Amino acid sequence: MKNQLILCLLIAVSSHASAEDVMMMGSGFTNGPKLYAGASAGSTKQSDTCNEPFFSGQCNDQDFAWKAFGGARINPMLGAELSYYDLGDRSMEGTTGGSTAKLESSTTGTAIAGVGYVPLTSQIEAFGKAGAMAWDSKTSKTSGTNTSHFDESGTSILLGGGAQFQMNSNLHLRGEWEHISNIGADSAYETDADVYSLGMSYSTL
């Protein structure tokens, strides 16, 4: 009987410790919100750029991209993030139906997203995000002998996910993928953008 009581006590203590480990895993929390800021760099691919029917020539749908971000974790599992993006340039040059066709476009944007976190180990956690980006695109377009320059702006859905590694109590290394839908007000040149980046974040609380 005594052995059974000791075994039950050990199981209870072990279960309690495991539950605490899961709650604290990768959180680095004390009490209250945890604020952080950081930057990431990588590449962006705007693949719909090269889907123009009857186009023949050179097309560049991938470029260097970077972002600066800051956020707050309300608790170990949930938070919110504000980011500024430079998605780089996209271009195409050639002919369409025998006429000269050329497009050059650059895009920046500001996004806000909710972020959910799932601990994987004591130092690694996965995260997913969903939100919206307000983007601005500057475009130069040539069709035949006519060239036009125009600015576009709009709001698109942003989705993403990734993982981060806790290097110490203040620093995290993160890698992530983000998808922005339908950038471009001109339906003939609308494109989705996929951003792949690696970065660091610093937390002071």
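**Figure 1. Lys129 and Glu176 are both buried, and they pair up****.** Here "buried" means under 20% relative accessible area, "exposed" means over 50%, and "partly exposed" covers what falls in between (1.4 Å probe, protein chains only). Please keep in mind that this is a predicted model, in which local features need pLDDT of at least 70 and side-chain atom pairs count only at pLDDT 80 or more, while totals for chains, interfaces and linings use all residues. Residues are numbered from 1 along each chain as its sequence is written, and side-chain values use heavy atoms, with hydrogens and water left out. Lys129 and Glu176 form a salt bridge, with their closest N and O atoms 3.1 Å apart. This pair links distant parts of the chain, since Lys129 belongs to strand S6 and Glu176 to strand S8 (residues 171–183), 47 residues apart. A salt bridge is a side-chain nitrogen of Lys or Arg within 4 Å of a carboxyl oxygen of Asp or Glu. Lys129 and Glu176 also belong to a network of salt bridges that includes Lys67, Glu81, Arg174 and Glu178.

**Figure 2. The whole protein has one helix and nine strands****.** Step back for a moment to get your bearings: from the N terminus on, the elements run α-β-β-β-β-β-β-β-β-β. Helices (H or I, at least four residues) and strands (E, at least two) are DSSP runs, numbered from the N terminus. Buried residues make up 34% of the 205 residues. Among contacts between residues at least 6 apart in sequence, 61% join residues at least 24 apart; a contact means heavy atoms within 4.5 Å. The protein exposes about 11,100 Å², and carbon and sulfur atoms supply 61% of that area. Accessible areas come from the Shrake-Rupley method with a 1.4 Å probe, and for residues only the protein chains shown count as cover.

**Figure 3. Arg73 meets Glu125 in a salt bridge and also lies over the face of Tyr117****.** The N to O distance between the side chains of Arg73 and Glu125 is 2.7 Å. Arg73 is in strand S3 and Glu125 in strand S6, 52 residues apart, and the pair links these distant parts of the chain. Are these two partners buried or exposed? Arg73 is buried, with a relative accessible area of 3%, and Glu125 is buried as well, at 2%. Arg73 is 3.6 Å from the ring centre of Tyr117. For such an arrangement, NZ of Lys or CZ of Arg must be within 6 Å of the ring centre and within 35 degrees of the ring normal. Another example is Arg174, whose charged end sits over the ring of Phe69, 4.2 Å from its centre.

**Figure 4. Tyr117 and Phe127 form a tilted aromatic pair****.** By the rule used here, the protein has three aromatic pairs. The rings of Tyr117 and Phe127 are 6.2 Å apart centre to centre, with 50° between the planes. Tyr117 lies in strand S5 and Phe127 in strand S6 (residues 124–143), so the pair ties together parts that are 10 residues apart in sequence. Rings of Phe, Tyr and Trp (its six-membered ring) pair if their centres lie within 6.5 Å; planes under 30 degrees apart count as stacked, over 60 as edge-to-face and the rest as tilted. Tyr117 is buried at 3% relative accessibility, and Phe127 is buried at 6%.

**Figure 5. Met77 and Val118 help make a nonpolar surface patch****.** The patch covers about 860 Å², and its other members are Leu78, Leu120, Ile124, Phe165, Met167, Leu173, Leu198 and Met200. Patches are made of residues with over 30% relative accessible area and no salt bridge, joining like charges within 9 Å and nonpolar side chains (Val, Leu, Ile, Met, Phe, Trp, Tyr) within 5 Å. Met77 lies in the loop between strand S3 (62–75) and strand S4 (78–96), and it is partly exposed at 39% relative accessibility. Not counting residues up to four places away in sequence, Met77 touches Val115, Gly116, Tyr117 and Pro119. The C-alpha atoms of Met77 and Phe127 are separated by 9.0 Å, although these residues are 50 apart along the chain. Val118, in strand S5 (residues 99–119), is partly exposed, with a relative accessible area of 46%.

**Figure 6. Glu104 and Lys102 meet in a salt bridge****.** The N to O distance here is 3.9 Å. Glu104 is partly exposed at 41% relative accessible area, and Lys102 is partly exposed at 31%. The count for the protein comes to 11 salt bridges.
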